[in-house]
Amino acid sequence: MTIAATQQVREMQEGAKLGYNESSFAPATTCFVSSNIPIGTADFSVEYYGNFVGAANAGINTLFNASGSNTYAKGCFIVCGSTATIDKNYISWILFEGSADADGLYLNYTHANTLPFHLVITRQGATTKAYINGVLKGTKVQSSVKDFPQFKLGLANSSDCRFSRIFNYALVAQQVTALYNNGKPEEYLLTAAEKNPFYKTFSVKKWDYTNSGILTENNGAFTYHCSNCYGFNGLSINRKMEVGASYKTTFDCSSDDNFANLNKISHPNDGFANTNINYITNADGSRTYTVYQLNCRLAIDSYVLCIGGSSINGKTLNFTISNISFTKVGCIAEYLPQNLVTAHDGDMTDKTPIAWLDSAKQIPLNDEYLPPLLQGIGGYDLTALGTPEIVEKAR
């Protein structure tokens with residue numbers, strides 16, 4: 001196939017019809033299945049733009065973990081939608097365990113028409129959220145963090161699937177709004193800084209700034225002590241950031257005063273658009289912190305994290321930090337239906353359902369110009385089941 005013919009086909013594409021008119025009594029015969037994505041118990045987000053129209057009956061899996069059975073079982077991830085009538089666009093529930101699991105997020109959302117809508121599902125710790133068209137529609141604090149030792153994204157039972165992405169952290173509301181892009185999510189192009197973090201983790205072996213205190217180190221654990229504090233007292237880490245990128249820092253922390261004076265964990269120079277701090281309390285009273293710093297604004301060496309106390313004048317601060325790591329986060333998988341190419345050499349009059357390329361990489365041809373949505377690089381290969389139909393743009 002010539003590059004020009006490939007380009008012509010892709011420019012006519014809008015989405016893909018997957019598993020149209022299928023039922024819940026058998027696995028989807030037409031679907032996308034990603035390669036294994038390392039999630040486990042880590043935070044993650046799934047973004048989907050398309051509709052939930054086309055299944056033969058209610059309770060059909062549109063997004064799911066395809067690493068094994070699609071049924072309701074431990075380690076499943078299922079977003080159910082569609083009703084028996086094909087003119088409905090409906091999300092019933094988001095499940096992480098069995099169908100009767102109390103930790104399910106039940107939305108019962110009906111879209112007014114069969115047009116695509118924008119869905120983002122986030123998981124941070126045990127908290128799951130669902131956004132539809134940029135608006136938070138549901139939150140569920142689950143009884144435990146669900147484990148996905150094997151995760152393969154499956155997409156099926158949609159008459160118009162536009163795209164889907166997976167991120168290795170929990171997107172925040174501002175980012176979801178940006179992805180929704182005023183009702184045009186297909187025109188939002190991820191930057192290189194937002195993609196392909198490669199799970200690169202930096203351990204911290206020293207601190208770049210110690211303010212008015214004494215720092216000691218013992219086998220990778222850092223203890224900071226300051227008496228008669230004034231202003232900010234604590235520790236800072238210095239790293240060179242990438243503009244537009246986001247980062248996750250995790251560490252364990254213990255405090256002699258039950259964290260009463262440890263009141264500042266942040267970036268000191270407003271170098272990030274958003275800082276999201278969470279922690280869990282361990283059995284011994286220590287805390288395990290997760291700090292997300294999103295959308296870096298500074299392309300210089302800068303303090304990426306401060307840990308200490310502010311405005312605790314005259315007081316004593318004593319805490320210990322250990323097991324600290326610093327990781328870039330971003331989009332780790334991206335499915336674009338424009339990767340489908342016809343076997344008929346660009347003949348747009350041939351309406352025969354097409355077969356896509358197995359394991360079609362999410363990258364353009366080396367010498368091919370592609371529209372903005374297709375300029376992404378990297379991502380995971382996706383394999384094919386069945387023969388999807390291309391949903392063509394209106395002419």
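**A predicted chain of strands, cores and buried polar residues**

The chain exposes about 17400 Å², of which carbon and sulfur atoms supply 51%; accessible areas come from the Shrake-Rupley method with a 1.4 Å probe, and for residues only the protein chains shown count as cover. The structure is a predicted model, in which local features need pLDDT of at least 70 and side-chain atom pairs count only at pLDDT 80 or more, while totals for chains, interfaces and linings use all residues. Residues are numbered from 1 along each chain as its sequence is written, and side-chain values use heavy atoms, with hydrogens and water left out.

The chain has 2 helices and 26 strands. Helices (H or I, at least four residues) and strands (E, at least two) are DSSP runs, numbered from the N terminus. Of the 395 residues in the chain, 52% are buried. Buried means under 20% relative accessible area, exposed means over 50%, and partly exposed lies in between (1.4 Å probe, protein chains only). Among the contacts in the chain with a separation of 6 or more, 74% are between residues 24 or more positions apart; a contact means heavy atoms within 4.5 Å.

The interior may be approached through its nonpolar cores. A nonpolar core is a set of buried Ala, Val, Leu, Ile, Met, Phe, Trp, Tyr and Cys residues joined through side-chain atoms within 4.5 Å. The largest has 32 residues, of which Phe77, Val79, Ile91, Ile94, Leu119 and Leu155 touch the most other members. Another core, of 21 residues, lies apart from it and includes Tyr224, Phe259, Tyr289 and Phe319. In soluble globular proteins, nonpolar side chains tend to be buried together.

Phenylalanine 259, one of the members of the 21-residue core, also has a notable backbone. Its place is in the loop between β18 (246-255) and β19 (264-266), and it has a positive phi of about 70° although it is not a glycine. Phenylalanine 259 counts as buried because its relative accessibility is 8%. Asparagine 182 likewise has a positive phi, of about 55°, and is not a glycine. This asparagine lies in the loop between α2 (173-180) and β13 (201-203), and it counts as exposed because its relative accessible area is 76%. Most residues other than glycine have a negative phi.

Strand β18 leads on to strand pairing. Two strands pair if DSSP finds at least two bridges between them. Strands β18 and β21 run antiparallel and are joined by 7 bridges; threonine 249 stands opposite valine 291 in β21. In strand β21 (residues 287-296), 8 of the 10 residues are buried, so the strand is largely enclosed by the rest of the structure.

Valine 291 is also among the residues touched by asparagine 276, which further include Gln124, Val172, Thr290 and Tyr292, not counting residues up to four places away in sequence. Asparagine 276 lies in strand β20 (residues 272-281) and is buried, with a relative accessible area of 18%. A polar contact of 3.1 Å joins its side chain to that of glutamine 124. A polar contact is a pair of N or O atoms within 3.5 Å; within protein, one must be able to donate a hydrogen and the other to accept it, and residues adjacent in sequence count only if both atoms are side-chain atoms.

A second buried asparagine, at position 65, has a relative accessibility of 5% and is found in strand β4 (residues 60-65). Polar atoms of its side chain meet the backbone at two residues: the backbone oxygen of glutamine 150 lies 3.0 Å from one such atom, and the backbone nitrogen of lysine 152 also lies 3.0 Å from a polar atom of that side chain.

Charged side chains meet as well. The whole structure holds 2 salt bridges, a salt bridge being a side-chain nitrogen of Lys or Arg within 4 Å of a carboxyl oxygen of Asp or Glu. One joins glutamate 47 and arginine 165 (2.9 Å, N to O). This pair links distant parts of the chain, 118 residues apart, with glutamate 47 in strand β3 (residues 44-50) and arginine 165 in strand β12 (residues 158-167). Both glutamate 47 and arginine 165 are buried. The side chains of arginine 162 and aspartate 160 also meet in a salt bridge (2.9 Å, N to O). Arginine 162 is buried, with a relative accessible area of 10%, and aspartate 160 counts as buried at 8% relative accessibility.

Finally, leucine 171 lies in the loop between β12 and α2 and is buried, with a relative accessible area of 5%. Leaving aside neighbours within four places in sequence, leucine 171 is in contact with Ser45, Val120, Thr122, Val176 and Leu179. Leucine 171 and threonine 122 are 49 residues apart in sequence and 6.3 Å apart in space, C-alpha to C-alpha.
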